[in-house]
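Here's a quick walk through the charged pairs, a hairpin and a few surface details of this protein. Have a look at the model first, then read on.

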Amino acid sequence: MSESINNREFRQKVLKDVINSLHAGKSVEDVKQQFEEAFHGVSATEISEAEAALIAEGLPVTEIQRLCDVHAAVFKGSIEEIHKTDDQTKIPGHPANTLIRENRVIEKIMEKEIKPWLSDPESVETAALKVSLEKLNGLDIHYQKKENLFFPYMEQYGITAPPKVMWGVDDEIRALLKEAKSILHQNNPELRTKIETLIDKTTEMIFKEENILLPMLLETLTQDEWKKIADESTEFGYLVEKVPEWKPSLAYQPAIKEEKKETGVIVLPTGVLRTEELICMLNTLPFDITFVDKDDVVKYFSEAADRVFPRTRSVIGRNVSNCHPPASVHIVEQLVADFKSGKKDQEDFWIKMMGKYILIRYYAVRNDMGVFLGVLEVTQDIKPIQEITGEKRLVSLE
C-alpha cells in the first residue's frame, strides 16, 4: 500500500514539474520523455486521478489543460496496449460507435476540404473555404453531447479532471473556428495560423476522445447508463445520417424512480393543482426555467418542446459549476455567491445566436423570511416580442 501511495505522489510531482517546464517555455517534445518514463504502462484513468488530485490541491484547470498535448504525444503508438478497443464501439446506434462515426466525418471535412487550402490557397476559392468551415459548426453538436451526456456520468463516478480539461479545450476549438470565420474575407495574415491550429487541436481532440475518453467510459458506465445516453442524444442531433436505435442485447429496464407518480394534488397557497397539471403548465410556459438549490445542485428544469438550450435529465443532481465551461464557471460562481450574500437579487444577460435574441435572467429565490433557497434561471427568445408593433385587440381567426 505504501509503495502505491509513493508512486501516486511521485507521479503528481512529475505532473507539476512538466507543467512548470511548459511554463518556462519548453516544448512538448522537451518534456515528453520525462512524462513517458513516469507514466509508462499506466492507464489513462490513473493519469486522470493524478490530475484530479492536483486540482483538489488548488491547481487551476487551465494548468492541467497544458498537459493535453503531452498526453497525446506520449500515448500515440502505445495507447492501444493500454486500452483494448471494446466491441461496443462497433455496435450501430451505441453512443461510442456514433462518436467515432462523427469523428470520421470531421476528419473528412478537414482532410478533403480544408487542408487542400493550406497546401495551395489559390486552388480553393474563399467561398468554398467558407462552406467547409461552416460544416465544422457540427463540432458544437458533437461537443455538446460529450459535455452534457458523457461528463455528468463521469463526475458521478468521481472522474472529474478529464471533463474539466476536455471542456476547456473544446471551447478553445470553438473559439478558433469562430475567429477563422470572422477574418475569412479580410485577407488577414493570421487566417492560416488560425486554421492550422484549429486542425491540429481538433485532430488531437479526436485522438483523446477515442483513446482516452472512450476507454474510461467503457470501463465505467453500465449498460443502462449507455442506453440513457443513446436515448437522450436525439436532443442534440448527429453529424451522421441513419443512427439506428440501439437495443441492448440484455433487456433494458429503465431505472425505477424513487418517487412514484402522484395521483393526488399539490396544495399551494394560491390554489390546488394535480401533478399532471403542474408539469404540463410549467412545460407550456413561453420560456425555459431551471432551478438550482441552495447547495448549488440542479433540482429541476422545464421541458418545453422548443427549448432555447438543450438540457437532459442527466443534469439533475449535478453541481451547477460542472454545467458550465471552465472559462465561464467563475462568473457563475460569483453570481451565486452574490445571491447568497444578499448583494444581488437579479442578473440579466442577452446574446444573439442562431437567429434568436436570447434573454437569460437569474433570480435569487428566497422565502418569506429572506432565507436563500436557490437560483432560478429563466431563458427566452425575445426576438418575436421585439418585432411586435401596433395593437391586437381581436382573436385570430386561424
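In this model, the side chains of Glu-107 and Arg-104 meet in a salt bridge, 2.7 Å from N to O. A salt bridge here is a side-chain nitrogen of Lys or Arg within 4 Å of a carboxyl oxygen of Asp or Glu. Glu-107 and Arg-104 are three residues apart in helix H7 (residues 95-119), so about one helical turn separates them. Helices (H or I, at least four residues) and strands (E, at least two) are DSSP runs, numbered from the N terminus.

Before going further: this is a predicted model, where local features need pLDDT of at least 70, side-chain atom pairs count only at pLDDT 80 or more, and totals for chains, interfaces and linings use all residues. Residues are numbered from 1 along each chain as its sequence is written, and side-chain values use heavy atoms, with hydrogens and water left out.

Here are three of the pairs side by side:

| Acid | Base | N to O distance |
|---|---|---|
| Glu-107 | Arg-104 | 2.7 Å |
| Glu-196 | Arg-192 | 3.2 Å |
| Asp-296 | Lys-340 | 3.1 Å |

Glu-196 and Arg-192 sit four residues apart in helix H11 (residues 190-220), about one turn of the helix. What about Asp-296 and Lys-340, which also meet in a salt bridge? Asp-296 is in the loop between strand S3 (288-293) and strand S4 (298-301), while Lys-340 is in helix H14 (residues 329-341), so this pair ties together parts 44 residues apart in sequence. The structure holds 26 salt bridges, and a network of them links Asp-140, Glu-147, Asp-171 and Arg-174.

Now for the hairpin. Strands S5 (residues 346-353) and S6 (residues 356-366) run antiparallel and are joined by eight bridges; strands pair if DSSP finds at least two bridges between them. One such partnership puts Gln-346 with Tyr-363 in S6. Two residues lie between the strands, and Met-354 takes a positive phi near 55 degrees there. Met-354 is exposed, because its relative accessible area is 57%; the cut-offs are under 20% for buried, over 50% for exposed and partly exposed in between (1.4 Å probe, protein chains only).

Lys-242, also not a glycine, has a positive phi near 55 degrees. Lys-242 belongs to the loop between helix H12 (223-232) and S1, and is exposed at 77%.

If you're wondering about cysteines, there are zero disulfides, counting pairs of cysteine sulfur atoms within 2.5 Å. Cys-323 is buried at 19% relative accessibility, whereas Cys-280 is partly exposed at 42%.
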